[in-house]
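Please work through the exercises below with the sequence and the three-dimensional view side by side, trying each task before reading its solution.

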Amino acid sequence: MADPKAGRKLRSQEWFDNPDNPGMTALYIERYLNQEYTRPELQGARPIVGIAQTGSDLVPCNKIHVFLTDRIKAGIRDAGGVPMEFPTHPLQETGKRPTAALDRNLAYLSLVEVLHGYPIDGVVLTTGCDKTTPAMLMGAATVDIPAIVLSGGPMLDGHWQGKLVGSGTVIWESRRLLAEGEIGYDEFMERVCASAPSLGHCNTMGTASTMNAMAEALGMSLTGCSAIPAPFRERMAMAYRTGRRAVELVREDLKPSDILTRAAFENAIVVNSAIGGSTNAPPHLQAIARHAGVDLDVTDWESVGFHIPLLLNMQPAGEFLGEAFYRAGGVPAIMGELDRAGHIRRDPMTVTGRAMGGNIRDIRSGDSTVIRSCNEPLRADAGFRVLHGNLFDSALMKSSVISVDFARRYLSHPGREGIHEARAVVFDGPEDYHHRINDPALDIDAETILFIRGVGCVGYPGSAEVVNMLPPDAVVRQGVNHLPTVGDGRQSGTSESPSILNASPEAAVGGGLAYLRTGDRVRLDLNEGTLTALVDDGEWQRRKADWTPPHLVSQTPWQEIYRTHVGQLDKGGCLELATAYRRVARDLPRDSH
Ligand code: FES
Ligand code: MG
């Protein structure tokens with residue numbers, strides 16, 4: 001029997017309702033009946049909607065989803081579907097060593113296998129903590145069954161001594177106060193913990209809020225989904241509506257491939273600039289685009305996104321936190337403001353069943369201190385610069401966090417605006433940095449550029465958030481909080497450092513950073529978009545010829561598999577062999593017995 005509303009046979013019926021093969025049908029169905037399901041449900045041509053559960057005791061950022069699941073399931077059932085919740089590989093940014101970035105591709109692989117190999121017609125992707133959103137979207141793109149994102153939402157705003165304290169940003173600030181001797185260990189701990197007052201993900205515009213905003217801008221969540229704080233009642237209502245809509249998506253056969261187009265990714269890049277989004281968004285969006293088969297290049301981040309103004313006044317680029325963003329209208333208000341200035345592509349289809357233009361038409365900021373219009377932005381040209389040179393083919397610099405002080409110190413030499421020439425000090429990984437940063441022999445002063453290498457996808461492994469290096473204590477005491485820093489790793493989306501990061505190819509695979517030495521002169525030229533080691537070519541070639549790849553020690557089998565197959569950050573840090581697999585739901589797997 002075909003689903004009367006879908007007008008076609010559902011994928012799940014190949015398992016649960018196949019009279020041509022009673023033996024297998026019985027085997028597939030009997031064990032599911034010993035829990036909450038009945039034959040009329042499983043054999044009644046009702047869409048079976050998976051709930052990809054990312055929350056657990058190991059993933060506190062997404063724990064809210066454990067409590068939202070009842071509402072998702074109610075929505076699925078009320079719309080005539082049957083819910084089936086399943087766990088995903090845990091991805092807790094603050095808990096997983098050596099880095100949750102190593103596991104993004106593992107969670108992706110596991111989701112692909114579940115969605116392909118089980119009787120699932122559509123899926124609710126629960127998202128929150130940084131890597132959970134890209135892992136879920138990458139998997140949905142590869143499998144290409146109807147899918148919808150439900151964000152868990154940020155925590156409530158944090159407060160300390162009457163002031164807002166935001167996730168991550170509080171750590172960078174408190175680290176400086178500790179280095180300056182202004183606060184002690186206990187106050188350091190209390191301040192940081194005050195930034196996390198409830199369930200939810202980071203309440204700043206770090207990678208979590210950025211990636212959930214990206215999911216909404218791509219058209220993969222209901223309008224207004226991403227910014228609702230986790231504990232708000234509106235979050236429960238959104239969970240219910242998302243569950244309902246998932247069933248309709250199956251009936252309409254509206255799939256990620258109908259939504260994840262080049263135009264949708266351009267909207268996401270534009271929104272990322274306007275919200276002062278994380279430098280982790282480029283690798284994650286590149287990865288989603290590649291699994292969706294969409295042509296997106298790291299240089300698109302500058303050509304599409306650089307000239308977009310900063311509209312959102314939220315930490316780390318601004319002052320406020322998640323509650324204020326939500327009350328001012330969230331992503332729909334950002335997109336509405338951008339749309340009125342002609343920056344949004346209106347045509348991409350979205351999970352609402354309407355094109356993006358229809359979802360956001362005439363939505364305005366509800367509070368101009370938090371969300372500005374394009375006529376009065378917080379700053380112009382807020383997107384990323386994409387740099388190149390003999391040290392790397394590409395690296396990113398986040399313009400929205402370049403402070404007036406930083407620009408004056410490094411980028412405003414009269415007659416040489418945008419150009420900074422300095423001596424390089426090079427660290428091999430974060431342990432080397434922590435060990436030597438305060439060594440007076442390195443002679444680090446306000447005119448030094450700090451480099452860190454060996455921290456990319458292959459080198460670390462997984463690519464570590466360590467490029468935003470604090471200057472030596474003595475330099476901080478002179479009032480210099482940020483030296484220019486460069487590296488083949490990443491930095492936290494909550495950092496306000498204007499680092500040059502995600503350098504690709506990384507040093508561990510022979511990228512230019514491998515040949516740099518402490519004491520070399522380097523030139524940053526933002527007019528040309530270059531960062532260059534001023535080492536003569538003959539000498540540079542000699543260093544290259546003498547270079548031997550580092551001896552990499554993998555501690556687990558997955559680390560070795562990952563290192564063997566991972567690509568570079570500018571290409572999304574994907575498992576390269578996985579990008580050849582597209583729309584795998586079209587081919588049913590063989591029977592299990
Ligand atoms: Fe999980 Fe920031 S650490 S959202
Ligand atoms: Mg992080």
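The exercises that follow concern a predicted model, and each solution goes step by step.

**Exercise 1. The parallel sheet**

Task: Work out in what order the four strands of the open sheet are arranged, and which strands lie at its edges.

Solution. Begin with the order, which is E2-E1-E3-E4, with parallel pairing in this open sheet of four strands. Next look for strands that pair on one side only: these edge strands are E2, covering residues 82-87, and E4, covering residues 147-151. Finally, consider the twist: neighbouring strands of this sheet are turned against each other by 25 degrees on average, when direction is ignored.

**Exercise 2. Strand E3 and its partners**

Task: Describe how strand E3 is joined to E1 and E4, and decide whether E3 is enclosed or open to the outside.

Solution. Take the E4 side as step one: five bridges join E3 (residues 122-127) to E4, and the two run parallel. Along this pairing, Val 123 has Ala 147 of E4 as its bridge partner, while Thr 126 is partnered by Leu 150 of E4.

Step two is the E1 side, where E1 and E3 pair in the parallel sense over four bridges. Here Gly 50 stands opposite Val 123 in E3.

Step three concerns the side chains' directions and surroundings: Gly 122, Val 124 and Thr 126 point one way from E3, Val 123, Leu 125 and Thr 127 point the other way, and all are buried. Since six of the six residues of E3 are buried, the strand is largely enclosed by the rest of the structure.

As a last step, find the helix that lies across this region: helix H6 (residues 132-143) lies across E1 (48-53), E3 and E4, and runs at about 165 degrees to E3.

**Exercise 3. Two packed helices**

Task: Determine how helices H7 and H8 are oriented towards each other, and which residues meet where they pack.

Solution. First take the geometry: H7 (residues 169-179) and H8 (residues 185-194) pack at an angle of about 165 degrees, with their axes 10 Å apart. Because of that angle, H7 is roughly antiparallel to H8, the cut-off for this term being an angle over 145 degrees. H7 passes H8 in a right-handed crossing.

Then turn to the contact itself, in which Val 170, Ile 171, Ser 174 and Leu 178 of H7 meet Phe 188, Arg 191 and Val 192 of H8. Sorted by class, this contact of H7 with H8 has five nonpolar residues, one polar residue and one charged residue.

**Exercise 4. Helix H16**

Task: Find out how many of the eleven residues of helix H16 are buried, and name the helices against which its buried residues pack.

Solution. Count first: ten of the eleven residues of H16 (residues 330-340) are buried, so the helix is largely enclosed by the rest of the structure. Among these buried residues are Val 331, Ile 334, Met 335 and Leu 338, and also Glu 337 and Asp 339. Next identify the neighbours, for the buried residues of H16 pack against helices H9 (207-217), H12 (262-275), H15 (322-327) and H17 (356-360). Then follow the chain onward, where H16 is followed by Gly 342, whose phi is positive, near 80 degrees.

**Exercise 5. Backbone features in loops**

Task: Locate the two aspartates, Asp 144 and Asp 381, that have a positive phi, and judge how buried or exposed each one is.

Solution. Start with Asp 144, which is found in the loop between H6 and E4 and has a phi near 65 degrees. Asp 144 has 21 other C-beta atoms within 10 Å, and therefore it is buried, since the cut-off is 20 or more.

Continue with Asp 381, found in the loop between H17 and strand E7 (384-389), whose phi is near 45 degrees. Because Asp 381 has 15 C-beta neighbours inside 10 Å, it counts as partly exposed.

To finish, look for cis peptide bonds. The bond from Arg 97 to Pro 98 is cis, with omega near 0 degrees, and Pro 98 lies in the loop between E2 and helix H5 (100-117). The bond from Ser 504 to Pro 505 is also cis, with omega near -5 degrees, and Pro 505 is found in the loop between E12 and strand E13 (521-525).

How values were computed:
Residues are numbered from 1 along each chain as its sequence is written. Chains are lettered from A and ligands numbered from 1 in the order in which they are written. This is a predicted model: local features need pLDDT of at least 70, side-chain atom pairs count only at pLDDT 80 or more; totals for chains, interfaces and linings use all residues. Axes are lines fitted to C-alpha atoms, for helices over the stretch in contact, and angles run from 0 to 180 degrees between N-to-C directions. Angles under 35 degrees count as roughly parallel, over 145 as roughly antiparallel, 65 to 115 as roughly perpendicular and the rest as oblique. A crossing is left-handed if the near helix is turned anticlockwise from the far one by less than a right angle, and right-handed if clockwise. Two residues are in contact if their C-beta atoms, placed from the backbone, lie within 7 Å. Ala, Val, Leu, Ile, Met, Phe, Trp, Tyr, Cys and Pro count as nonpolar, Asp, Glu, Lys and Arg as charged, and the others, Gly among them, as polar. Two strands pair if DSSP finds at least two bridges between them. A residue is buried if 20 or more other C-beta atoms lie within 10 Å of its own, exposed if 12 or fewer, and partly exposed in between; C-beta atoms are placed from the backbone.
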